[in-house]
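Student: I am new to this structure and would like to understand how the words used to describe it are justified.
Tutor: Then let us take the terms one at a time and ask what stands behind each of them.

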Amino acid sequence: MTLRVLGVDPGLTRCGIGVVDVERNRRATLVAFGVVGTSPEESLDQRLLVIATSIDEWLDRYEPQVLAVERVFSQLNVSTVMGVAQASGVVIAAAARRGIPVALHTPSEVKAAVTGSGTSNKDAVTKLVTKILRLDAPPRPADAADALALAITHAWRAGSGIATKDAVTTGPGSQSLTPAQRAWADAEAKARRAR
């Protein structure tokens, strides 16, 4: 059985989107990736409309079983957080209209799942995504690689038997954890304690 996950790295200027199929043995295969871009010169309503229209097209074309979206967390730049939150809301609503479950993952959870360290940089995530998906070249731009990392994280998390109320779970729950999954579990526990 294969789980199809659409990952979204939300943003108003660049919204990364990636779709992967992941088998029970954790073998991940690239389906598609891209970035939806909007111009800061456009009005907010038009920018959100572009993202909404694009995500609708991706959902209809690829029919994922679940969406994995980066969890918005507080940063010093409030305007950036607001834009990310608005883009996330549009994406989550599009999934909800179709009855597609949505899982939220923090950046540190994604880094831990893909690289084994919750503090890895973007280059390390891109490198490992390229390796995991057996690609000849890294997915570009980095927003697309981040979206693919989100999708991989969710599929691995769902199949690992580790779950929280914020995650959709499928697959066997009895398999032992890999080092990356253990690192992810540690990162998630730390993030939960910080809330």
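Student: Which residue in strand 4 does Val8 stand opposite?
Tutor: In this model, which is a predicted one, Val8 stands opposite Val69 of strand 4.

Student: What makes strand 1 and strand 4 a pair?
Tutor: Two strands pair if there are at least two bridges between them, and strand 1 (residues 2-9) is joined to strand 4 (residues 66-70) by 4 bridges, so the requirement is met. The two run parallel, and Val5 has Val66 as its bridge partner in strand 4.

Student: How do you know that strand 4 also pairs with strand 5?
Tutor: The reasoning is repeated here, for 4 bridges link strand 4 to strand 5 in the parallel sense, and at least two are needed. Glu70, for instance, has His105 in strand 5 as its bridge partner.

Student: Which sense of pairing joins strand 2 to strand 3?
Tutor: Strand 2 (residues 14-23) and strand 3 (residues 28-37) are antiparallel, with 9 bridges between them, among them the one from Gly16 to Val35 in strand 3. These two strands form a hairpin with 4 residues between them, and in the turn Arg26 has a positive phi of about 80°.

Student: Why are strand 3 and strand 5 said to stand at the edges?
Tutor: The open sheet has 5 strands in the order 3-2-1-4-5, and its pairing is mixed. Strand 3 and strand 5 (102-105) each have a single partner strand, so each has one side without a neighbour in the sheet. From one strand to the next, the twist averages 20°.

Student: What makes strand 4 mostly covered?
Tutor: A residue counts as buried when its relative accessible area is under 20%, and 5 of the 5 residues of strand 4 are buried, so the description follows. Val66, Ala68 and Glu70 point one way while Leu67 and Val69 point the other way, and all are buried. For the chain, with its 195 residues, 48% count as buried.

Student: Which strands does helix 1 lie across, and which does helix 2 lie across?
Tutor: Helix 1 (residues 44-62) lies across strand 1, strand 2, strand 3 and strand 4, and runs at about 160° to strand 3. Helix 2, in turn, lies across strand 1, strand 4 and strand 5, running at about 170° to strand 4.

Student: Which residues of helix 3 are buried, and what follows that helix?
Tutor: In helix 3, Pro107, Glu109, Val110, Ala112, Ala113 and Val114 are buried. Gly116, with a positive phi near 95°, follows helix 3.

Student: What is the volume of the largest pocket, and which residues are closest to its centre?
Tutor: The volume of the largest pocket is about 550 Å³. It is lined by 25 residues, of which Asp9, Pro10, Glu70, Lys122 and Asp146 are the closest to the centre. A residue belongs to the lining when it has an atom within 4 Å of a point of the pocket.

Student: Which helices supply the lining of the largest pocket, and how do its residues divide?
Tutor: Helix 2 (78-97), helix 3 (107-115), helix 4 (122-132) and helix 5 (142-160) each supply at least two residues of the lining, and helix 5 gives the largest share, 5 residues. The lining residues divide into 12 nonpolar, 5 polar and 8 charged.

Conventions:
Residues numbered from 1 in each chain as written. Predicted model: local features only at pLDDT ≥ 70, side-chain atom pairs only at ≥ 80, totals over all residues. Heavy atoms only, no water. 1 Å grid on protein atoms, 1.4 Å probe; cavity = no way out; pocket = protein on both sides within 12 Å on 5 of 7 lines; lining within 4 Å. Points joined across faces, edges and corners; volume = space filled by probe spheres on them. Nonpolar A, V, L, I, M, F, W, Y, C, P; charged D, E, K, R; others polar. Buried < 20%, exposed > 50% of the residue type's maximum accessible area, 1.4 Å probe, protein only. Axes fitted to C-alpha atoms, helices over the stretch in contact; angles between N-to-C directions. Contact = heavy atoms within 4.5 Å.
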